[in-house]
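Student: Could you take me closely through one part of this model, the place where two domains of one chain meet, and set out in a connected way what the computed values say about that part?

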There are 2 protein chains.
Amino acid sequence: METPETTTPGAGAGLTLRRVAIDTWRENVAYLHRDCAVVRAEGFQALSKVEVRANGRSILATLNVVDDPALVGCQQIGVSEDAFAQLEVPEGHPASVTQAEPPASIPALFRKINGERLSRDDFHAIVGDIARHRYSKIELTAFVVACNRSELDREEVSFLTEAMVASGRRLDWRESLVVDKHCIGGIPGNRTSMLVVPIVAAYGLVFPKTSSRAITSPAGTADTMEVLANVELPFDRLTDIVRDHRGCLAWGGTADLSPADDVLISVERPLALDSPGQMVASILSKKMAAGATHLVLDIPIGPTAKVRSMPEAQKLRRLFEYVAQRLHLSLDVVITDGRQPVGRGIGPALEARDVMRVLENDPEAPADLRQKSLRLAGRLIECSPDVRGGQGYAIARDILESGRALSRMQAIIAAQGSHGFDHHHPALGALTLEVPAATDGVVIGIDNLQIAQIARLAGAPKVKGAGVDLLCRLGDTVRAGQVLYRIHADYPSDLHFARHAVDRHCGISLGTAAQIPQVFVES
Amino acid sequence: METPETTTPGAGAGLTLRRVAIDTWRENVAYLHRDCAVVRAEGFQALSKVEVRANGRSILATLNVVDDPALVGCQQIGVSEDAFAQLEVPEGHPASVTQAEPPASIPALFRKINGERLSRDDFHAIVGDIARHRYSKIELTAFVVACNRSELDREEVSFLTEAMVASGRRLDWRESLVVDKHCIGGIPGNRTSMLVVPIVAAYGLVFPKTSSRAITSPAGTADTMEVLANVELPFDRLTDIVRDHRGCLAWGGTADLSPADDVLISVERPLALDSPGQMVASILSKKMAAGATHLVLDIPIGPTAKVRSMPEAQKLRRLFEYVAQRLHLSLDVVITDGRQPVGRGIGPALEARDVMRVLENDPEAPADLRQKSLRLAGRLIECSPDVRGGQGYAIARDILESGRALSRMQAIIAAQGSHGFDHHHPALGALTLEVPAATDGVVIGIDNLQIAQIARLAGAPKVKGAGVDLLCRLGDTVRAGQVLYRIHADYPSDLHFARHAVDRHCGISLGTAAQIPQVFVES
């Protein structure tokens, strides 16, 4: 890029930086007053892309033109929260602004919009610009939609994944075998990671699990673990914990792992875009960046899961396997039953309660959560060269039943910083609503999407004790008036929203046993 | 949509409206404080889509979460300039905000993203939501990119055009023959409308010309006409002028003609998207909405024009003709020479000077502008049932040479409100820069894009007297040091930017006569 400091003396200089406390979520926005000399001199318009420089740093931002001098004055350049943080200088610091040269990868973006296949270098250029916040929301959306539409071929998916790994930090655990697990999502209550990590770590494999917070679900693993312990750990602390305990359960957001992924998700989410290529690149890039060498991937199928049929699941599996192989990641895909939520609780505290019950071998522990976790843990244990195929499950069960998994979890909780959660008396939302069966019948459907939505409206994950406590499972025979699930909330307005959603559709269908949809997966 | 006033009492109510003086250009943005009760209660996040209600009106907006109480307090809902105008209530008015139901057309949008063909109803639903500002920038971009990529078939283009016409007002001039002309753009100085309107109106056809202001060019017809007269006229006034004088030259922006087009352009422009389908829908919808029954369309071709070859021009012509026929618009496409700017002046006052010289039959009038205008006027005159094919040109020339076109223009200027422009002594930018030929040679190329950019940097169209005065034409033999063009500017910084652009590439190439690119168009 040219260096306008020398070529355009005086233009856009002489301004001071102002922090504008607006959270524009992943998009850098700059605010200039309409009467500011540089707006006129450079012909800036609303949505122009500008380059803001301060103290040797520079960022690209989308311009919003402001008419209120109380927001920014004619001698100021305002920047949104994210942008301010990237510049790393205090308010009032001298700053300059110029029309931005477009990011160097824009010609490649335009080729993708026009349906062309892109090269490895193209993907590296585009993803690099995205990770450095050089794309506007419009350009980001164009990239995401163009990739969705032209259905990236599998080699392009591997280029994209590789570029996303390269866009950020890559952790190196200095171990030849670093295991991880991931679920493609969509199943409420599915907190198997919090059981698989202590079991597999107790077995002795390195399992540095970093998780996300909920985006559209009622709880992510990081939200639920946060009920038990601190999850926002500096990287050095994380390393110590993994060295001492072979595992951790932390939030991945501070580690700069595949940062382009976070930016892309900011536009994929509102468009409900979750094409196979984008899903594979997102998941595998995060795992590669986290330093995993062996990954077990859970693909649930069911009528309200992300994947609805076995052929679809197999096609997705093959794409994951192709890309993993290109990136030298050992991958084991497990297709699971996704017809209903896993466990009883949906919401951070409710799920933490279920997890602790399983670890304590409590008779009230949800059997499905226990069973699924043992199965996944067994597959991971089989990554170990001295375990034969088929032996893993029994090893995992022994570790769980002997209490070694519980001890390991307690050690990890203590190391991360315990929050003193009492799962025997969990602090659940005090406002409750019990949802009864309208008629006698057999439970033939539990809608993952609707139950998740109800838990979310009730306050989860922000309100830790909020959510849904499921009191029935597929195939149960219920009587009219019997409670199907209980909603917990802290605030009357939250409970009101949840009740309103229940009134539209409670999420549970009754009928006869023959109507239960079947899925045929390995158990 | 549901009516949350009754279903969600108390939620998001009790707020007062605050105007946030930020120009977000076609996107409604709402600003809520992070600690505002409704942000917590509804789980709002940055970029959530919200519905803001005040006094029975409601708008959709994208949410920006704010941390500074000086911007919006916890009891306020801030809205950007555009959004504030749509609500039509004063600041401080009670307002409520709720999570917005997604626009009803979103499922159709998702189908288009996935490459499906859409129906007439789908296009009406999508375009209606777009015109009512119900789409976020992300959704808009997704629509535009999906339409670009899947290359709308020609019937879809006609559905899109029809829906865009229906999205706004449609003028009815109560005449069986209402003529209009349009150029697809890209040629600086091409102000033929300002000659064609007075000629054709003097002949007696109704020609209610509404034009745009410049978006990326140094002057739109509305900008240039504004040098001579007021162009922002209320619709009733416009009707009177057209009744009295058979023509007008006004800005179309106030008339609510194809409002969806304006919104779509806001994302097409930064992506440099100008696919044939989008161009056809944009142009024809505006003309249909303006009430035209007969349209002459100018498609210039040349190495730096929008259309670069005759086959490309013919393909575009056929698409225009198909859609026009479906919409019952009589269309006559004229393919013209677009190898260089038309006329001498580029910039509002410079172009107004050229136009008035042609109307006065001044020997200094640019011959190319005169010739092209007569040709287009002739084609329009031939729309009249009593004119034979081939007679139009001579009729137009007689009207121009007899001074009747000048009289009609003076009458229109007086009716719209004269600005007293003296074209014998036009107020051009006092700061000038003359750009000389570096060597002897023949002018073999004049780059439309670079000359337009230089005129824009010099201040056009905001600074009326700024721009470029071209002193050479393709094929001219020049000597080293001879002035090729003169730049006019009002401000030193503008002249500096223009000079900087000239230093990179002056826009004029010299060589030998044999190197002049040829285009073969009807003259």
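Tutor: Contact here means that heavy atoms lie within 4.5 Å of each other. The model is predicted, and chain A is divided into domain 1 (10–99), domain 2 (179–252 + 290–416) and domain 3 (431–514). With that meaning of contact, 29 residues of domain 2 of chain A are in contact with 22 residues of domain 3 of chain A, while the C-alpha centres of these two domains lie 25 Å apart.

The size of an interface is often given as the accessible area lost when the parts come together. For domain 2 and domain 3 of chain A that buried area is about 1900 Å², with 53% of it on carbon and sulfur atoms. On the side of domain 2 of chain A, the residues that lose the most area to domain 3 of chain A are A:Thr304, A:Gln340 and A:Arg344, which together account for 29% of what that side buries.

Turning to the polar side of the interface, the count between domain 2 and domain 3 of chain A is four salt bridges. A:Arg473 forms a salt bridge with A:Asp368, and the closest N and O atoms of this pair are 2.6 Å apart. Across the interface of the two domains, 14 residue pairs are found in polar contact, both residues of each pair being at pLDDT 80 or more.

As for the elements involved, α9 (221–228), β13 (345–346) and α14 (348–359) of chain A each supply at least two residues of the side of domain 2 that touches domain 3 of chain A. The largest share of that side comes from α14(A), with four residues. Sorted by class, the side of domain 2 of chain A that touches domain 3 of chain A has 13 nonpolar, nine polar and seven charged residues.

One residue deserves a separate look, namely A:Ala250, which is found in strand β10 (residues 247–251) of chain A. A:Ala250 counts as buried because its relative accessible area is 2%, under the 20% that sets the limit for that word. Not counting residues up to four places away in sequence, A:Ala250 touches A:Lys209, A:Thr210, A:Ser211, A:Val231, A:Leu233, A:Leu238 and A:Gln416. A:Gly78, by contrast, is 172 residues apart from A:Ala250 in sequence and 35 Å apart from A:Ala250 in space, C-alpha to C-alpha.

Note on methods: Residues are numbered from 1 along each chain as its sequence is written. Chains are lettered from A and ligands numbered from 1 in the order in which they are written. This is a predicted model: local features need pLDDT of at least 70, side-chain atom pairs count only at pLDDT 80 or more; totals for chains, interfaces and linings use all residues. Side-chain values use heavy atoms; hydrogens and water are left out. Domain bounds come from an automatic or database domain assignment. Buried area is the accessible area (1.4 Å probe) that two parts lose on being put together, summed over both. A salt bridge is a side-chain nitrogen of Lys or Arg within 4 Å of a carboxyl oxygen of Asp or Glu. A polar contact is a pair of N or O atoms within 3.5 Å; within protein, one must be able to donate a hydrogen and the other to accept it, and residues adjacent in sequence count only if both atoms are side-chain atoms. Ala, Val, Leu, Ile, Met, Phe, Trp, Tyr, Cys and Pro count as nonpolar, Asp, Glu, Lys and Arg as charged, and the others, Gly among them, as polar. Buried means under 20% relative accessible area, exposed over 50%, partly exposed in between (1.4 Å probe, protein chains only).
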